[in-house]
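Biologist: I should be grateful for a close look at a single part of this protein, explained for a first-year student. Please take the disulfides and the elements that they connect.

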Amino acid sequence: MKLKTIAWGWVLAVSLSLGITGLADGSALSWDHGVFSTTLTASKPYSSAAGQAGSSTPQLVVGSGGPNPAGFDKCSYLSESQMSELWSTGNYGWVGVYAGGQDAYCQNFPSASWFNTIESQGWFVEPIWVGPQSQCSGYSAFSNNPSTAYSQGEQQAHLAYTALQDEGFDVSGGGVPIVYDLEKFAPNGTGCQVAAEQFIKGWDATLPRQLPGVYGSAGGSFIANLTGAPAPAFIWGSDWGTGSNPAYLPPIPNGDWNNNQRLKQYQGNVSIAVGGGSAVVDLDEADGPLYSNY
């Protein structure tokens, strides 16, 4: 997946009430010239679906009687008419779509109307959030201090939750999957690796009653190290050239995230015909949670 390579030019500041670990449904979030603030209006903390790897049971999973497990993702989204045309081929059942994030290379995110239209066509979706990356990745980064990185992961969860609401996802009942895009990075000893683990733990622990997932290189993003609680509710590993089966994502052990908790990006930069022309996409296979409001 494509990320921005420019550094941040703004500062994040978060105001949180003590003792609240997740964003309540009645909460309000706002931006003021690049500064993010949160006002929590409910006192009941919501826990995410994340726990030990393999312990949670994602909703809306691909399986017998479910959506076509074949899918694709693309930096910039296709038009509603193009999506309708692709749906009619029967080749795909779901699409990975950027829901937001300041590090996404493509900053033109779909509207609630777009999501609603393609879901009415029959599509399932996998929303993707692209925030800061490891300092060893070459992209704009979260802190290498583990405690700060954890807090920054929490902040990104709040932002992603608000984006889901704005884009028409029904978060009120919980169980909406959303994937954090963690690009591959050089571990640089253990510093960057530990910081990345803590950042994703903050992401996992904070999303209220939803399904926080993580996308990344099966090996290069060190997904196998994210098994301690709180862990991602599911994973989306990129491993090109090893077939489409999500069960095979080396070096991630087959016993982790093995309860309908895996998606696999198995081929990249593939040209598919659509709208009298072509589109370049990455191909995916799902045995994990997807979303549709229909």
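Modeller: The answer below begins with the whole chain and then turns to the disulfides and their surroundings.

This is a predicted model, in which local features need pLDDT of at least 70 and side-chain atom pairs count only at pLDDT 80 or more, while totals for chains, interfaces and linings use all residues. Residues are numbered from 1 along each chain as its sequence is written, and side-chain values use heavy atoms, with hydrogens and water left out.

The protein chain contains four helices and ten strands; helices (H or I, at least four residues) and strands (E, at least two) are DSSP runs, numbered from the N terminus. Their order from the N terminus is β-β-β-α-β-α-β-α-β-α-β-β-β-β. Of its 294 residues, 52% count as buried, where buried means under 20% relative accessible area, exposed over 50%, and partly exposed in between (1.4 Å probe, protein chains only).

The structure has two disulfides, a disulfide being a pair of cysteine sulfur atoms within 2.5 Å. One of them joins Cys75 to Cys106, with an S to S distance of 1.8 Å. This link is right-handed, with 110 degrees about the S-S bond. Cys75 lies in the loop between β3 (70-73) and α1 (80-89), and Cys106 in the loop between β4 (94-100) and α2, so the pair ties together parts that are 31 residues apart in sequence. Cys106 has 13% relative accessibility and therefore counts as buried.

Cys136 and Cys192 also form a disulfide, with their sulfur atoms 2.0 Å apart. Cys136 is found in the loop between β5 (124-129) and α3 (146-166), whereas Cys192 is in helix α4, so this pair ties together parts that are 56 residues apart in sequence. The link of Cys136 and Cys192 is right-handed, with 70 degrees about the S-S bond. Both Cys136 and Cys192 are buried. When the bonded cysteines are numbered in sequence order, the pairing is 1-2, 3-4.

Helix α4 deserves a further word. Of its 16 residues, 13 are buried, so α4 is largely enclosed by the rest of the structure. The expected span of a helix is 1.5 Å times one less than its number of residues. For α4 (residues 191-206) this gives 22 Å, and the end C-alpha atoms are 23 Å apart, which agrees.
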